[in-house]
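Subject: Structure handover and notes

Dear colleague,

I am handing over the structure below, followed by notes on what was found in it. Please read the notes with the coordinates open.

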Amino acid sequence: MKLKILVGTMTNTAEYVAQAIQMDCADLVGEIEVQLMDGLDIGVFDEDALFLVCTSTYGAGDVPDNARALYESLDAQPKFLGHVRYGVIALGDSGSHQQTFAYGGRKFDERLQGLGAVRVGELCILDASTGTVPEAEGTAWCREWLALATADVRSG
Ligand SMILES: Cc1cc2nc3c(=O)[nH]c(=O)nc-3n(C[C@H](O)[C@H](O)[C@H](O)COP(=O)(O)O)c2cc1C
């Protein structure tokens, strides 16, 4: 199975998290590809892969600039995504943005679910105000998440 990590980022934190996962979780899945969301649209979900949306939050609860085209295409060019299994890593800062905390990832989750895609597990929320290392936290979460996702496939 291939894991495709789609990265929405402004200042690269989400990308570092994705790269850490790519290195640390290589033993758990056949292949891991990290792709920035720049220039993507809903067609990216045509690929036969397990998807991980890894995105930060900007503005007032918006997706980052490089994620906007993909996010908007989920609305502008909707299609049934029932074949898609995905997870979400949502980066944000609850200290400075309490009202819109981690909305970037939450918004992707809402839209993907609306199109019939199936989320595996719970969201991973990485909060910049906790002082933890996002790469370490994201990687630890992803190891458990991949165990769940691959068990799902084996059982049916
Ligand atoms: C201008 C600006 C706006 C932000 N807006 C939000 C927000 O609305 N909600 C939130 O949870 N975090 C917000 N954040 C925090 C970022 O999402 C957080 O720092 C994240 O780790 C950045 O990841 P990145 O480097 O991958 O872009 C904002 C940060 C900046 C600089």
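Along strand β6 (residues 124-127) the side chains alternate, with Cys124 and Leu126 pointing to one face and buried, while Ile125 and Asp127 point to the other face and are not buried. Here a residue is buried if 20 or more other C-beta atoms lie within 10 Å of its own, exposed if 12 or fewer, and partly exposed in between, with C-beta atoms placed from the backbone. Strands (E, at least two residues) and helices (H or I, at least four) are DSSP runs, numbered from the N terminus.

Please keep in mind that this is a predicted model, in which local features need pLDDT of at least 70 and side-chain atom pairs count only at pLDDT 80 or more, whereas totals for chains, interfaces and linings use all residues. Residues are numbered from 1 along each chain as its sequence is written.

Strand β6 runs parallel to β4 (residues 85-92) and is joined to it by 4 bridges, pairing being assigned if DSSP finds at least two bridges between two strands; within this pair, Gly92 has Asp127 as its bridge partner. Gly92 is also one of the closest residues to the ligand, together with Thr11, Thr13, Ser56 and His97, in a shell of 22 residues, where a residue is counted if its C-beta atom, placed from the backbone, lies within 6 Å of the molecule. Two elements, α1 (13-24) and β4, give two or more residues to that shell. By class the shell has 10 nonpolar, 11 polar and 1 charged residues, with Ala, Val, Leu, Ile, Met, Phe, Trp, Tyr, Cys and Pro taken as nonpolar, Asp, Glu, Lys and Arg as charged, and the others, Gly among them, as polar.

Strand β3 is largely enclosed by the rest of the structure, because 6 of its 6 residues are buried. Leu50, Leu52 and Cys54 point one way from β3, and Phe51, Val53 and Thr55 the other way. This strand pairs in the parallel sense with β1 over 6 bridges, and it is also joined in parallel to β4 by 6 bridges. Val53 stands opposite Leu6 on the β1 side and has Val88 as its bridge partner in β4. Leaving aside neighbours within four places in sequence, Val53 is in contact with Leu6, Tyr86, Val88, Gly105 and Phe108, a contact being two C-beta atoms, placed from the backbone, within 7 Å.

The largest nonpolar core has 42 residues, and Ile5, Phe51 and Val53 are among those with the most contacts inside it; such a core is a set of buried Ala, Val, Leu, Ile, Met, Phe, Trp, Tyr and Cys residues joined through C-beta atoms within 7 Å. Ile5 lies in strand β1 and is buried, with 26 other C-beta atoms within 10 Å. Ile5 and Leu50 are 45 residues apart in sequence, yet 8.5 Å apart in space, C-alpha to C-alpha.

The buried residues of α3 pack against β1, β3, α2 and β4, and they include Tyr103, Gly105 and Phe108.

Two residues that are not glycines deserve a look at their backbone. Asn12 has a positive phi of about 80 degrees, lies in the loop between β1 and α1, and is exposed, with 12 other C-beta atoms within 10 Å. Ala102 has a positive phi of about 60 degrees and lies in the loop between β4 and α3, but Ala102 is buried, with 26 other C-beta atoms within 10 Å.

Best regards
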